[in-house]
Number of protein chains: 4
Amino acid sequence: MQHLTAWSCENLDKIPVAVIGATGAVGQRFIQLLENHPWFSVEVLAASGRSAGHRYKDAANWKLSEQMPSDIGEKKVQDIDLITFSDNNIEIIFSALPSDAATKVESDLASKGFCVFSNASAHRMDQDVPLLIADINPQHLELVAGRKKAQKGFIVTNPNCSVTGLATGLKPLHEAFGIKSVVVTTYQAISGAGYPGVPSMDITDNVVPYIPNEEEKVEEECQKILGTLTDSGVILSSFSVIASCARVPVRDGHLESVCVALESNGTLDEVKQAFSQYKGLNNKTPTSPLRPIIVTEDESRPQPLFDLYNGEPERARGMAVTVGRIKKVQDKLRFYLLVHNTIRGAAGCSIMNAELAKMKGII
Amino acid sequence: MQHLTAWSCENLDKIPVAVIGATGAVGQRFIQLLENHPWFSVEVLAASGRSAGHRYKDAANWKLSEQMPSDIGEKKVQDIDLITFSDNNIEIIFSALPSDAATKVESDLASKGFCVFSNASAHRMDQDVPLLIADINPQHLELVAGRKKAQKGFIVTNPNCSVTGLATGLKPLHEAFGIKSVVVTTYQAISGAGYPGVPSMDITDNVVPYIPNEEEKVEEECQKILGTLTDSGVILSSFSVIASCARVPVRDGHLESVCVALESNGTLDEVKQAFSQYKGLNNKTPTSPLRPIIVTEDESRPQPLFDLYNGEPERARGMAVTVGRIKKVQDKLRFYLLVHNTIRGAAGCSIMNAELAKMKGII
Amino acid sequence: MQHLTAWSCENLDKIPVAVIGATGAVGQRFIQLLENHPWFSVEVLAASGRSAGHRYKDAANWKLSEQMPSDIGEKKVQDIDLITFSDNNIEIIFSALPSDAATKVESDLASKGFCVFSNASAHRMDQDVPLLIADINPQHLELVAGRKKAQKGFIVTNPNCSVTGLATGLKPLHEAFGIKSVVVTTYQAISGAGYPGVPSMDITDNVVPYIPNEEEKVEEECQKILGTLTDSGVILSSFSVIASCARVPVRDGHLESVCVALESNGTLDEVKQAFSQYKGLNNKTPTSPLRPIIVTEDESRPQPLFDLYNGEPERARGMAVTVGRIKKVQDKLRFYLLVHNTIRGAAGCSIMNAELAKMKGII
Amino acid sequence: MQHLTAWSCENLDKIPVAVIGATGAVGQRFIQLLENHPWFSVEVLAASGRSAGHRYKDAANWKLSEQMPSDIGEKKVQDIDLITFSDNNIEIIFSALPSDAATKVESDLASKGFCVFSNASAHRMDQDVPLLIADINPQHLELVAGRKKAQKGFIVTNPNCSVTGLATGLKPLHEAFGIKSVVVTTYQAISGAGYPGVPSMDITDNVVPYIPNEEEKVEEECQKILGTLTDSGVILSSFSVIASCARVPVRDGHLESVCVALESNGTLDEVKQAFSQYKGLNNKTPTSPLRPIIVTEDESRPQPLFDLYNGEPERARGMAVTVGRIKKVQDKLRFYLLVHNTIRGAAGCSIMNAELAKMKGII
């Protein structure tokens with residue numbers, strides 16, 4: 001990802017960070033997105049015991065089309081269980097752990113005082129953990145404010161990849177019109193399942209209308225993101241979400257067909273304006289797009305092949321959601337949206353979250 | 001397609017039929033499905049002027065994995081405009097014409113007294129034309145009863161490929177519980193666009209969330225099929241349908257995610273029973289499945305690759321719709337259904353319709 | 001697979017057989033091809049310890065588009081290590097074991113007196129083991145003649161999937177003209193790697209020009225199959241083979257581009273005749289095709305999608321190799337050939353081999 | 001494509017060029033590669049009569065994942081037949097015409113005095129037309145030297161996409177060891193057929209072992225590129241080439257399996273050195289790679305998905321050929337090579353050729 005020159009600074013001044021679960025697909029994406037990051041510098045790579053002790057380039061089966069940063073390849077992978085503050089003065093950890101491993105590891109790291117920004121689903125619905133998309137619900141970061149300075153540490157999670165796109169698309173509607181109910185059907189890319197992930201024999205020339213736990217995540221995470229922060233935590237929003245999730249033979253990009261009943265109906269033009277003028281609640285940090293939503297008027301778009309990197313070419317590549325084919329049918333609003341599932345939908349979102357925390361002085 | 005032995009008879013006794021638009025993708029499917037048909041025998045092949053005069057095997061670019069019937073390959077293709085009753089005593093015509101050509105040609109043929117069973121969309125919504133799925137709304141055939149004997153001729157259409165699956169899946173719910181509204185999102189196979197159809201550059205590693213006119217067809221045809229036959233024609237049913245249609249890189253089979261609000265809510269078990277016990281209103285003709293709906297309990301099915309030919313292996317291959325992942329969420333019913341888009345969803349449906357007309361003495 | 005009616009007989013008379021490695025991809029193919037086999041009846045299913053004790057339908061993740069035979073699904077999977085003659089009087093074992101497991105297990109079974117027909121590569125190049133394609137080098141079966149009656153048992157292997165196609169295509173050329181050298185490049189289907197096999201992230205929209213050990217197998221197995229049986233074993237044929245093997249995003253069917261230098265040059269017509277008139281050295285058993293090689297004159301064929309099941313539709317489906325695009329360039333002969341990698345190239349070949357052994361009285 | 005900053009200059013100083021056949025797939029690639037080109041500026045877009053008069057963004061169905069340059073979209077498309085020198089002082093024309101149209105149009109333009117750099121096959125084998133890869137056979141440009149100044153105009157062609165890769169790979173072997181014969185088999189991407197090009201029904205889950213005229217082009221063009229320039233034109237090199245060409249379901253990148261008999265055998269290390277140390281005969285212009293050949297030691301590479309953009313990231317993206325899996329078998333050398341078929345294999349090559357002509361003072 002390229003960043004605005006204004007943020008450029010010498011490596012010496014950057015904040016050292018760790019990536020845990022560094023060898024897997026999401027870990028690789030964290031590393032790729034953090035290459036040349038103006039604020040953060042990856043200094044520690046950690047993974048499960050098996051990879052520990054090896055150079056990263058030997059431990060990881062690099063699967064991104066972008067090349068592995070050469071300095072990263074030479075770094076030695078640490079054992080997750082042995083991370084301490086004395087390792088390169090790390091305080092910030094990006095977690096790409098699988099969910100089952102994350103439950104304990106992330107809690108332990110937080111309790112030691114680390115600030116964990118995680119893509120894992122393990123703690124997303126925990127009361128004291130923000131489920132955060134920095135430009136959609138930045139105020140939820142308040143849940144962890146003050147905890148770093150008290151050396152308590154904390155976990156901040158990004159949502160499920162499909163939810164990140166959906167919540168982004170729903171946010172301006174929620175603000176402008178209110179939402180009564182949502183029916184969403186997804187076309188999800190194979191990269192969402194990591195590596196080795198989906199066997200080719202399962203998905204070549206096929207669609208698989210089942211992704212374990214995915215529909216449940218979509219149905220519950222949306223309400224937390226669009227919920228209201230109170231003194232006693234986040235109160236879930238009350239609209240209903242019905243999700244149908246399927247895997248399609250596409251490498252990158254989750255496409256979603258969304259049908260929404262609004263509280264107060266806007267005209268088609270008002271809806272399009274709500275989408276296209278939405279500025280987001282954080283567009284000042286390196287990884288945040290100037291506008292989180294791009295509206296396309298092309299009747300055959302958005303398409304994964306052409307629209308994953310819409311937005312400003314110079315920054316925040318893969319961080320904008322594209323919305324198209326907006327129409328009103330009966331009393332409902334129908335549109336398609338497209339999200340880059342491993343950038344805005346995963347590693348990119350956690351990086352943007354950490355940037356917001358930095359800007360707010362929380363880390 | 002294999003048929004029950006009981007229907008087997010000598011070719012001499014079969015009813016001669018014509019296929020028009022015979023060289024295209026749907027025309028090929030008509031020919032393949034009518035090979036060894038116990039009642040009908042393809043005697044006339046017709047196409048537009050360009051193909052006329054050539055042997056079928058030279059005129060058609062055969063694209064089915066099943067082999068071209070060898071006797072068909074040697075037949076000479078006729079010019080559609082020159083078809084008369086004296087051609088092999090043809091009265092029944094299966095039409096695989098593109099919609100724009102069908103508008104005039106089918107009307108002309110009907111007015112000459114031919115019985116036209118058509119896959120084209122041109123006349124589907126005409127007042128005096130049944131939009132027929134023989135095992136779902138057989139009573140609509142009454143619209144044309146008596147017209148053949150009066151030498152008036154008629155057109156009977158099969159629905160759009162996506163609609164055929166959807167209307168089949170909705171029928172038992174409509175009967176048992178009543179339907180308030182439907183939100184459907186499709187994953188449609190490339191074979192639905194014919195040949196050459198979708199360019200590979202458009203769909204390889206991509207999803208295209210747009211198929212011209214498809215959503216409109218889905219939204220209106222359903223109501224006619226599930227509408228009520230009265231003396232003054234078919235009164236459309238009144239539930240709303242919102243459709244989102246996309247092309248996916250799959251060769252055969254339209255998968256559909258369906259979310260239904262029912263008039264009177266059944267339990268999950270009652271819904272499953274309504275599906276699985278639905279016998280259809282015509283299961284006595286060679287191409288009609290014993291049960292139009294197969295219910296799968298496998299949590300990852302139906303899938304195009306594995307479930308297109310569910311049902312009895314001996315007959316009506318590709319004529320059953322498979323329903324799975326049935327769940328109740330909030331006050332809605334959600335399921336996935338799969339239909340073979342070029343068999344039940346096109347040529348197979350028109351053949352079943354003609355069989356019903358034959359059994360009812362209408363042809 | 002359908003077989004000629006003449007062979008039909010009651011189940012009671014059939015020879016009971018076992019399939020070991022029954023739960024994997026090749027094991028599934030053995031079971032599917034042996035359904036309704038006129039001579040053999042699958043009575044014992046065995047697999048590694050983990051699957052043992054479970055019903056087959058619970059232990060196997062069935063991945064064929066053909067349905068699992070219902071009686072097989074209910075059978076209990078045995079532990080391979082515990083197979084004895086007293087299990088349903090089994091003497092014949094079809095092995096679908098992975099190569100590393102096969103090394104010891106197959107040797108042990110043979111030494112106990114079982115007749116093992118194996119798809120594993122472990123023993124293919126062993127001196128006393130025929131590397132057999134029943135209609136190409138049936139005489140090699142002599143290597144094990146007499147061993148069953150002496151209760152010694154034996155192993156007969158089928159070749160690697162690519163080699164089975166290649167050796168079949170080369171055989172008539174070898175006979176008619178002699179072969180000096182072969183350069184072969186393959187386009188191999190993902191089903192060749194079993195299940196889960198190739199990750200979709202590796203092969204979607206990609207070609208992988210590497211299959212572990214495949215080129216070595218192609219280069220050595222051909223010479224054994226086309227080698228000469230002598231009293232001291234098979235003397236390898238002496239022509240050179242250079243193989244380049246790649247995986248392509250295709251479900252079934254290995255396509256091969258073959259360039260051959262012949263000892264004595266025939267005309268193009270003579271070469272085509274040699275292919276098309278080749279009858280094979282065994283076309284009398286249920287799974288052997290009437291002709292092992294089908295020649296296509298279509299300039300764009302053979303193609304995996306259309307030509308895998310060429311040949312007589314009534315029997316031996318998937319057992320013929322299709323050859324096309326035959327041309328002479330400079331002093332070389334160039335053609336493409338296509339083989340069904342999991343039928344003729346694996347399970348189907350071993351079944352045909354066992355049929356030959358039965359017909360010859362060796363089992 | 002990004003270029004070295006050193007070449008950057010103001011638009012005012014750039015040489016105006018035209019792209020003809022501008023709306024098609026190769027035309028789009030010319031336009032994309034010429035965006036921000038340091039020497040050339042696209043001022044004229046021309047196409048056949050049908051597109052003429054429309055704005056480019058209305059006339060072209062843009063199919064690249066890179067966005068259409070916004071200034072280009074607003075330009076009006078001219079009729080090819082009406083191009084004159086007075087149009088923006090154009091002297092240089094990049095031709096992306098289909099071959100049948102190119103025959104006459106390119107000859108006419110050259111005879112009017114234009115300098116035509118063409119991707120079309122029409123004139124490639126003409127005696128007075130260089131078949132040029134600027135870093136492989138730059139001396140062939142002499143064929144047209146002096147013709148511009150005499151206002152004669154000329155045509156310079158780039159080779160067929162497969163040949164560009166092959167000739168690049170063969171060049172260092174030809175120089176270091178001499179070549180006796182070549183057997184090449186290709187895995188060609190669908191983008192090579194343009195748009196709409198290959199129907200998805202033909203290539204999804206399939207391989208098509210036939211591309212019209214492709215094998216003939218590969219077999220003859222190589223010899224011209226590696227031929228010797230004499231006073232009486234290019235004398236073709238004498239080694240034999242046997243080509244087998246197939247289309248695979250991959251979007252971009254032609255992979256080729258190459259088997260070479262060398263005149264004087266080098267060791268495996270010497271061969272690798274010849275490849276990796278080959279500097280090319282032109283690496284000084286903006287679009288020429290520092291090294292035309294990248295050698296990979298990864299046993300599973302090169303792969304279209306990962307290796308199309310190997311080389312220096314800052315310049316000449318898609319202009320290097322990657323070679324891997326080099327092995328010596330018997331007396332032959334075998335390797336795989338990968339070329340970006342629409343960049344080095346088409347538009348990028350002609351741009352590099354024009355740059356060389358500029359540097360040499362020929363234009």
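# Chain contacts and salt bridges in a predicted model

Across the interface of chain A and chain D, there are zero residue pairs in polar contact, counting pairs with both residues at pLDDT 80 or more. The residues on the side of chain A that touches chain D divide into three nonpolar, four polar and three charged. The number of salt bridges between chain A and chain D is also zero. The structure is a predicted model, and the values below are computed from it.

**The contact of chain A with chain D**

Chain A gives 10 residues to this contact, and chain D gives 10 residues. The area buried between the two chains is about 820 Å², and carbon and sulfur atoms give 53% of that area. On the side of chain A, the residues that lose the most area to chain D are A:Arg251, A:Leu305 and A:Phe306, together 48% of what that side buries.

**The contact of chain A with chain B**

How many residues of chain A are in contact with chain B? There are 44 residues of chain A in contact with 44 residues of chain B. Together these two chains bury about 3500 Å², with 59% of it on carbon and sulfur atoms.

Eight salt bridges are counted between chain A and chain B. One of them joins the side chains of B:Arg325 and A:Glu215, at 2.6 Å from N to O. The polar contacts between chain A and chain B come to 28 residue pairs, with both residues at pLDDT 80 or more. Several elements of chain A each supply at least two residues of the side that touches chain B, among them the helices α6 (200-203), α7 (214-225) and α9 (304-307) and the strands β7 (179-188), β10 (240-247) and β11 (254-262). The largest share, seven residues, comes from β10(A). By type, the residues on this side of chain A are 23 nonpolar, 10 polar and 11 charged.

**Chain A as a whole**

Chain A has 10 helices and 14 strands. Its radius of gyration is 20 Å, close to the 21 Å that the globule rule gives for 363 residues, so chain A is as compact as a globular protein of that length. Along the principal axes, the C-alpha atoms of chain A fill a box of roughly 60 × 50 × 40 Å. Of the 363 residues in chain A, 66% are buried. Among contacts in chain A between residues at least 6 apart in sequence, 77% join residues at least 24 apart.

**Salt bridges**

Side chains of opposite charge can pair when their charged atoms come close. Over all chains, the structure holds 70 salt bridges. The table gives three of them.

| Residues | Closest N to O distance |
|---|---|
| A:Asp58 and A:Arg55 | 3.1 Å |
| A:Asp108 and A:Lys104 | 2.6 Å |
| C:Asp298 and C:Arg301 | 4.0 Å |

In the pair from helix α4 (residues 99-111) of chain A, A:Asp108 and A:Lys104 are four residues apart, about one turn of the helix. A:Asp108 is partly exposed, with a relative accessible area of 30%. A:Lys104 counts as exposed because its relative accessible area of 57% is over 50%.

In the other pair of chain A, A:Asp58 is partly exposed at 49% relative accessible area, and A:Arg55 is partly exposed at 34%. In chain C, C:Asp298 is partly exposed, with 34% relative accessibility. Salt bridges that share partners also join A:Glu215, A:Glu219, B:Arg325, B:Lys327 and B:Arg334 into one network.

**Two single residues**

Is B:Gln28 buried or exposed? B:Gln28 is buried because its relative accessible area of 3% is under 20%. This residue is in helix α1 (residues 25-34) of chain B. The side chain of B:Gln28 reaches the backbone oxygen of B:Thr23 at 3.0 Å. Leaving aside neighbours within four places in sequence, B:Gln28 is in contact with residues including B:Tyr56, B:Ala60, B:Trp62 and B:Leu64.

Where is D:Asp81 found? D:Asp81 is in the loop between β3 (77-79) and β4 (92-95) of chain D. D:Asp81 is exposed, with a relative accessible area of 56%. D:Asp81 and D:Ile242 are 161 residues apart in sequence, and their C-alpha atoms are 39 Å apart in space.

Terms used
Residues are numbered from 1 along each chain as its sequence is written. Chains are lettered from A and ligands numbered from 1 in the order in which they are written. Side-chain values use heavy atoms; hydrogens and water are left out. Contact means heavy atoms within 4.5 Å. Buried area is the accessible area (1.4 Å probe) that two parts lose on being put together, summed over both. A polar contact is a pair of N or O atoms within 3.5 Å; within protein, one must be able to donate a hydrogen and the other to accept it, and residues adjacent in sequence count only if both atoms are side-chain atoms. Ala, Val, Leu, Ile, Met, Phe, Trp, Tyr, Cys and Pro count as nonpolar, Asp, Glu, Lys and Arg as charged, and the others, Gly among them, as polar. The radius of gyration is taken over C-alpha atoms; the globule rule is 2.2 Å times the number of residues to the power 0.38. Buried means under 20% relative accessible area, exposed over 50%, partly exposed in between (1.4 Å probe, protein chains only).
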